[in-house]
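Q: Could you take a close look at one part of this model for me? I'd like to start from a single residue and work outwards from there.

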Amino acid sequence: MDETQLKIKAFLNRFFKGHDLQPAEDIFALGFVNSLLAMQLVAFVEKEFGVSVADDDLDLDNFRSIQAIADFVARKTGAAAEVSPA
Amino acid sequence: MKLELSAEQRTARAEFRAFTAAEIAPHAGRWDREEAIPPSLIDRLRETGYLGSNVSPEHGGRGRDMIVYGLLTEEIAKGCSSVRSLLTVHDMVAHAIQRWGSREQKERYLPRMARGEVLGALALSEPNAGSDAKSIETTAADGGDCWLLDGRKKWTTFGQIAGLFLVFAQAAGKPAAFLVERETPGLAVQPLKGITGTRASMLAEIELRGCRVPKESLVGRVGFAISHIAAAALEQGRYSVAWGSVGIAQACLDACRTYAAERRQFGVPLADHQLIRRLLTDMIVDVRAARLLCLRAGWLRDAGDPGAFMETMAAKYFASRVAVRAANDAVQIHGANGCSEDYPVGRYLRDAKVMEIIEGSTQIQQITLPLFEFQEF
């Protein structure tokens, strides 16, 4: 796992104790996702990676796994870089 | 670590305090009896920028930091919890739009909400769905080029005068949130009277019958209304209610300090009786502890820290219970006078009880808070 994935895993481990969460593992299928995780996950992603989660990003597929979240962060940071002035 | 307000924050608090003392506190008892706050007071809240003060400057608001926002809430609540509840619900809706609204929704509503031109109200609770928000029965049917809302909302704070409702409904079994303007055909408002506390909060029942709203009135996406849109609004509401509870408790302390010094029984002021001092001691310490929890929650919210959710809930849980204890003891200290409308403490007690119920009841928080704690270990 790269650094982004490790940070995401460390955060999610709080919610999936005793389970070695794998990068592609579907966290919704594990059945522990509730509104506490939902809002904290958004705040974590925004604060940790400096991205903004917008209304269009409300898609379970963006948050389904460590890999999905890392990909989402990469897309958001890439998109931000593209629109930044040179 | 520095546990003190900045000069700017102290100045802001002094302004809020003076406003409340001059324009709210002297009239709060009458508004409570009349079960309404007057349009003139709402005009003053617009002029002062106290409504929607959490809206970012980008959208025409003041973007107050969470500490100043909390101080505003506490000071207003010291004067009148119903006025505080106007700020609470209006700012909850503004916060939800700011957090999850589309660019068009933000441009359409936030500047007007920041100016107080349109008042927001949260239409979540129903006759059969309170704490169990996922069980709401209001439906949203896909009408092709629109959504059709049907159902009944209850306990909608300031629903009597709100211009914009954040309505929650089930869209094909999934929760969805909509911004519904008051003038929308099919939306009817019925005032609710005779509420125990925050009686001037102008509660209403909202009936939605074939209420046709544009597709673009959907906030966020279908399926995320409870977990994200309501959660964001309620988190803002909990923060406001926590500070509002501190305001009630501080008002109780202020009232008791004056009364215990002036009222004489058995030849000495009440304050010289040790059992009265014991009640005052609990009140003094409780108010300070509750305020510190609120300050910590505000600091974390400003920092965008994920831990803000738990700290805000903890602050609301503690402060609302403190408000009830303080108000209960305040009535006790005032004796028969406390049971009369000649003194405000009876109103404080009725208002405080509401704080333990709204934005997550004490029992819901007793179920939820340990879950946060388990995360950390």
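Is B:Thr184 buried or partly exposed, and which residues is B:Thr184 in contact with once its neighbours within four places in sequence are left aside?

A: Keep in mind that this is a predicted model. B:Thr184 counts as partly exposed, because it has 18 C-beta neighbours inside 10 Å, whereas a residue needs 20 or more to be called buried. You'll find B:Thr184 in the loop between strand S5 (174-181) and strand S6 (187-191) of chain B. Setting aside neighbours within four places in sequence, B:Thr184 is in contact with B:Cys211 and B:Val213.

Now let's put that loop in its wider setting. Chain B is divided into domain 1 (7-114), domain 2 (120-222) and domain 3 (226-375). For a link from B:Thr184 to another part of the chain, try B:Tyr109: the two are 75 residues apart in sequence, and their C-alpha atoms are 15 Å apart in space.

B:Tyr109 takes us to a pair of helices. Helix H5 (residues 81-100) of chain B and helix H6 (residues 103-114) of chain B have axes that come within 10 Å and cross at roughly 150 degrees. Anything over 145 degrees counts as roughly antiparallel, so that is the label for H5(B) against H6(B). The crossing of H5(B) past H6(B) is left-handed. On the H5(B) side, the contact is made by B:His90, B:Ala94, B:Ile97 and B:Gln98. H6(B) brings B:Gln105, B:Lys106, B:Tyr109, B:Leu110 and B:Met113. Sorted by class, the residues of this helix contact are five nonpolar, three polar and one charged.

These helices also turn up where domain 1 of chain B meets domain 2 of chain B. The C-alpha centres of these two domains lie 22 Å apart, and 22 residues of domain 1 are in contact with 17 residues of domain 2. On the domain 1 side, the elements that give two or more residues are helix H2 (28-34), H5 and H6 of chain B. H5(B) provides the largest share of that side, with 11 residues. The domain 1 side as a whole divides into 12 nonpolar, seven polar and three charged residues.

While we're in this area, two loop residues deserve a look for their backbone angles. Most residues other than glycine have a negative phi. B:Glu35 goes the other way: it is not a glycine, yet it has a positive phi of about 55 degrees. B:Glu35 sits in the loop between H2 and helix H3 (39-48) of chain B. With 19 C-beta neighbours inside 10 Å, B:Glu35 counts as partly exposed.

The other one is B:Met202, again a residue other than glycine with a positive phi, here near 50 degrees. B:Met202 is in the loop between S6 and strand S7 (204-214) of chain B. B:Met202 is buried, because it has 26 other C-beta atoms within 10 Å.

Further along chain B there's another helix pair to compare. Helix H7 (residues 225-262) of chain B packs against helix H9 (residues 308-334) of chain B at an angle of about 25 degrees, and their axes are 8 Å apart. An angle under 35 degrees counts as roughly parallel, so H7(B) and H9(B) get that description. Their crossing is left-handed. The residues of the H7(B) contact with H9(B) come to 22 nonpolar, four polar and three charged.

H7(B) also leads us to the other chain. The contact takes 19 residues from chain B and 13 residues from chain A. On the chain B side, the elements giving two or more residues are H7 and helix H11 (362-375) of chain B. H7(B) gives five residues, the largest share of that side. By class, the chain B side has eight nonpolar, seven polar and four charged residues.

As for the partner, chain A has four helices and zero strands, in the pattern α-α-α-α along the sequence. Of its 86 residues, 28% count as buried. Looking at contacts in chain A with a separation of 6 or more, 57% are between residues 24 or more positions apart.

How values were computed
Residues numbered from 1 in each chain as written. Chains lettered and ligands numbered in written order. Predicted model: local features only at pLDDT ≥ 70, side-chain atom pairs only at ≥ 80, totals over all residues. Axes fitted to C-alpha atoms, helices over the stretch in contact; angles between N-to-C directions. Parallel < 35°, antiparallel > 145°, perpendicular 65-115°, else oblique. Left-handed = near helix turned anticlockwise from the far one by under 90°. Contact = placed C-beta atoms within 7 Å. Nonpolar A, V, L, I, M, F, W, Y, C, P; charged D, E, K, R; others polar. Buried ≥ 20, exposed ≤ 12 C-beta atoms within 10 Å, placed from the backbone. Domains from an automatic or database assignment.
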